[in-house]
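Visitor: I have just opened this structure and would like to learn how to read it. Could you walk me through some of its features?

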Amino acid sequence: MSDIVFRLLGALDVQIDGRIVTLGSSRQRTVLTTLLLARNRVVSVERLIATVWQGNEPATARNQIAILVGALRRLFKDAAGADDLIVTSHPGYIMTLSTHQLDIATFEERASRAREAARQGQPAEACKHIDEALSLWRGRALEGIVGEPAESAATRLEELRLDLLEERAGLQLQFGRHRALIGELTALVREHPLREQSRSWLMLAEYRSGNRARALEIFREGRAILVDRLGLEPGPGLRSIHDLILQDAPELAPPPGLPSPAAMAAVPAQLPASVAAFASREEELGSLDRLLDESHGARPPAIGSISGVSGVGKTALAVHWANQAAAGFPDGQLFINLRGYHETDEPVLPEAALDRLLHSLGVPGARIPADLGDRAALYRSVLENKRMLILLDDARSFEQIRPLLPGTGRCCVLITSRDPIDDLTGDFAIRRINLRVLEQDAATALLAQVAGPERFAADPEAAARLSELCDRLPLALRIAGTRLAARPHWTLRSLVERLECERRRLDELSPGQGGIRAGLRLTYRHLPPAAARMFRCLGLLKVPEFASWVGAALLDTELWEAEDLIEQLVDAQLLEVARHRAGHPPRYRFHNLPHLYARELALAEDGEDEQNAALRRAFGGWVTLADEAHRRAEGGTTPHIAPVGRHDLPRSLLDELLGTPMDWFETERQALVAVVAQAAQSDAVSNLAMFSWSLTACATPVFETRHYLDDWRRCAEQSLVAARRAGSAMGEAAMLRSLGSLAINQRRYPSARESLMPALELFRQAGDAHGSAQVLRLLAICAHFRSDLAHAARYVEEAMDVFVRLGDVREAAHAMGLFAQIEVERGNLARGVELSERAVAKSREGGLWRAEAQSLHWLAEVLLRSGEPGRAAAASRRVVKLTQEGGDRVGETYALRALGDALWRTGEFVESHSVLGRAREIADELADDFLIARIEADLGCLDAVAGDPAAARRIGGALNTFTALGAKVWRDRTERLLRAVEAAEPGAPVPAATLAGLLEEPGDRSARPVR
């Protein structure tokens, strides 16, 4: 039969030959626990029923108990060959166990031996048995098991555990270990303030350590708690030791005959001092505090691991916490620097580390074996039953630290390393802390600790910028703070100005041969060659974050290989995962200082041709993805300029990334803007400038539909400068056209015309009919707005003919919709309806949802002008659906406004008010003053229909906006509405038909600007 061990001093746990067995339901666990607690005694079926169901047993309870017991028998027979573990014995069952099979039995047996040894005057033997008993505990006894008898047993066992802790403290005091006991007893008294024996021992330990005042304070604290909670004065034992302390009674002196300090084995206390300026790490310190609970009697030992980039404060955190927790480890604290990432020295070998540690533990050199395995075994033996804190600093690998870990006992190990050392997972219970840079407030506070708070309080903006330039990295912050402290005549801004220069920042933060650059150099030199090249190439980019395909393009390698190399950089703490959503590829980013170092290395180690080739592949990858995303988002149509410099990417990757094109644009938007800027600012030799105007043209859908107008302007202006510098007439024409379209979106029609006229000339000189037609359509919008209907009609009709001839369905539909608006303005309502319906049909023919949405919107506007609000409402509902599904927030707002307009005209006042309210909320987000004024005018009409005096105020506000924007037609129409409202009797409603008639008069410019 296999060896079976049942553990209840913690959560229920069954091990067969050292392997944990998975148990079944909570009822099965309750039955097993009840049988274990009554080991070798009969448990009746009635008692099992009462324990499992707590008085709410079903009619089938006896049968269910038999089933649960049968399942347990099968489990132990199948897993361990034990078929006589649970025996039927009237009136129930009996579980036959030996002492070693149940941890509770072993615990009680060790406690009994300890007390017997103490009675026989063998305090050392008694302590040994108590330590063995306490080491069996893994947490709260019978954790997770409810009801009787588990709760009574848990209470009894906890009481016995506390008794043993107090007995052990009394024995340790006999050995003169009063100083080492203070931390342990302080924790015990804090957790169990009503236990007077623990408080007495703590008072004695403090007194013998020379802390007489503290000993008396502990008594006063205990008395206050007893009186407050129980209404009782302290018992005779506690009062007696209090009185003896007041008298400095000789009875309190340590027992005679203790060896002198020189003769006693030294308790190692090797922790370095904490740094003077320690960064706030409350969350991490709290996590490490939980190691104290886990190390109390734990088998295997509790292990904490702190990893992070060079300079993030791993050692400072470990040392700070270790010094705080040292009192809880009476057998001492060991510290060793393993030099895993040292400038000149190789990592400390395990053999050498063990030699130092064993010497620190008092083992004579002659007794230390030469063999690594034997040396590690001796180390584990010496640590057996000791409660020690072991700090292994700057570890390099699992192989280096594995021999330095205790085997069993009550030790706690804390490891610092740049690498998370994943090999520890599985074999050990690890509490991992991946240390990040500081939060802004903590970073500023650390700077102030080093350089003095006055300067930082006087200029918080410069303080925030300084911490940002230091990456909020503790090492860099301390260096910056030290420089300020040494130069009291410097202002914060003087140092900020020095660090703003990217070429000098690493120099400023790397005094001598140390600092930030030294730490990064140590990490970089241990990278494999391929990972090092990936690091350098990524450093050439100036994007805030990126996906792994970018690395594949930079190195011109397979995606899986790039992913592996990037993950190596993450493990080395040179990159970090920026964000990761389930089902989406992870994205990565640099912190500023490693990024600067990577770029510095690339410029020093890689040739200029190699750098430019890598960037062309990466930029070309963005062009390929943006072009494809544009086509998919726009229903298959091409960007306004043919993309250049594409880099081929696998079709499977395109499909994975572009399942929802607008989502990809949203995810990649900041990277696209950064790539445009980097390409636009490149020199002529690199041949990178062309990517700027190509990407700007491809990214227009996300700029427009998500209203990122500042990004749009910045990209188009930078690309225009780059195109002119590069002598690209087509790039210049495309960016002028883009700026004209942007100006129309912003209602800046004169500015739009200033960009569009030279764009038209450039396209015509190049013989580009399609580009010319796109500009003509935009010029038609400008002419339409200023009521130059003749030119507007001529421009748009010419453009429409070109689009139809070239087979561009989307652009043709747009032109038809605009032409319909112009025809309505000219009084040709029937022609306007016919053109709008043709635009809708052509959009649907091409399967272009955005073109269909826009064409339907124009149709709705024409129908409103034609006095058909019912049909206009139906068309607008379809537009709302299309724009919501496509993520077009701007289009959705226009559609909601048109729908609200149609609804009040048909008498659906309540729904109209709700729809217009939604439109107004989004318009406020978009900060579109013209659209807000349109919505306010509609809401004013609703108020007028209800006889609400607010109508005049709303319509008057809209009128002021239209006047300020120079929207003459809308100004005139709103004036008519205002006069009608003001002419009505106070409180009298104005008929909806009257208001609609005023809006249906010639001169409507309600169409949304065409993209």
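Visitor: Let me start with the inside. Which residues have the most contacts inside the largest nonpolar core?

Guide: A general idea helps here. In soluble globular proteins, nonpolar side chains tend to be buried together. This is a predicted model, and in it the largest nonpolar core holds 186 residues, with Leu466 and Trp622 having the most contacts inside it. Helix α29 (residues 661–680) gives the largest share of this core, 11 residues. Another core lies apart from it, with 81 residues, including Val21, Ile86, Ala105 and Leu244.

Visitor: Which residues does Trp622 touch?

Guide: Leaving out residues up to four places away in sequence, Trp622 touches Leu541, Val543, Trp549, Val550, Trp664, Glu668, Ala671, Leu672, Val675 and Leu695.

Visitor: Now the chain as a whole. How many helices and strands are there in the chain?

Guide: The chain has 46 helices and 14 strands. To judge how spread out it is, take its radius of gyration and set it beside the globule rule: the value is 40 Å, well over the 30 Å that the rule gives for 1011 residues, so the chain is more spread out than a compact globule. Along its principal axes, the C-alpha trace spans about 115 × 80 × 65 Å.

Visitor: What percentage of the residues in the chain is buried?

Guide: Buried residues account for 56% of the 1011. As for the surface, the chain exposes about 41,700 Å², and carbon and sulfur atoms supply 51% of that area. You can also ask how contacts run along the sequence: of those between residues at least 6 apart, 68% join residues at least 24 apart.

Visitor: How do I read a single helix? What span should helix α27 have?

Guide: Start with the general geometry. An α-helix has 3.6 residues a turn, so residues three or four places apart point the same way. For length, count 1.5 Å a residue: the 26 residues of α27 (residues 608–633) should span 38 Å, and its end C-alpha atoms are 37 Å apart, which agrees. Of these 26 residues, 19 are buried, so α27 is largely enclosed by the rest of the structure.

Visitor: And how many residues of α37 are buried?

Guide: In α37, 16 of the 17 residues are buried, so the rest of the structure largely encloses this helix too. The length check works here as well: at 1.5 Å a residue, α37 (residues 809–825) should span 24 Å, and the distance between its end C-alpha atoms is 25 Å, which agrees. Look at the ends also. At the start of α37, a side-chain oxygen of Asp808 comes to within 3.4 Å of the backbone nitrogen of Arg810. Just after α37, Gly827 takes a positive phi of about 90 degrees.

Visitor: Which residues other than glycine have a positive phi?

Guide: Two examples are Arg747, with phi near 65 degrees, and Ser787, with phi of about 70 degrees. Arg747 sits in the loop between α33 (729–745) and α34 (749–765), while Ser787 sits in the loop between α35 (769–785) and α36 (789–806).

Visitor: Is Arg747 buried or exposed?

Guide: To decide, compare the relative accessible area with a cut-off: buried means under 20%. Arg747 has 9% relative accessibility, so it counts as buried. Ser787, at 32%, counts as partly exposed.

Visitor: Where is Ser855 found?

Guide: Ser855 belongs to helix α39 (residues 849–865). Its relative accessible area is 0%, so it is buried. The Ser855 side chain reaches the backbone oxygen of Ala839 at 3.5 Å. Setting aside neighbours within four places in sequence, Ser855 contacts Ala813, Ala839, Val840 and Ser843.

Visitor: How many residues apart along the chain are Gly10 and Gly139?

Guide: They are 129 residues apart along the chain, yet their C-alpha atoms are separated by 4.4 Å. Gly10 is in the loop between β1 (4–7) and β2 (13–16), and is buried, with a relative accessible area of 1%. Beyond its neighbours within four places in sequence, Gly10 contacts Arg138, Gly139, Arg140, Ala141, Leu142 and Glu143.

Visitor: One last feature: which peptide bond is cis?

Guide: The bond from His90 to Pro91 is cis, with omega near 10 degrees. Pro91 lies in the loop between β5 (86–89) and β6 (92–95).

Note on methods
Residues numbered from 1 in each chain as written. Heavy atoms only, no water. Helix = DSSP H or I, 4+ residues; strand = E, 2+ residues; numbered from the N terminus. Expected span 1.5 Å × (residues − 1). Buried < 20%, exposed > 50% of the residue type's maximum accessible area, 1.4 Å probe, protein only. Polar contact = N/O pair within 3.5 Å; in protein donor to acceptor, adjacent residues only side chain to side chain. Core = buried A, V, L, I, M, F, W, Y, C linked by side-chain atoms within 4.5 Å. Contact = heavy atoms within 4.5 Å. Rg over C-alpha atoms; globule rule 2.2 N^0.38 Å. Areas by Shrake-Rupley, 256 points an atom, 1.4 Å probe, with all protein chains shown as cover.
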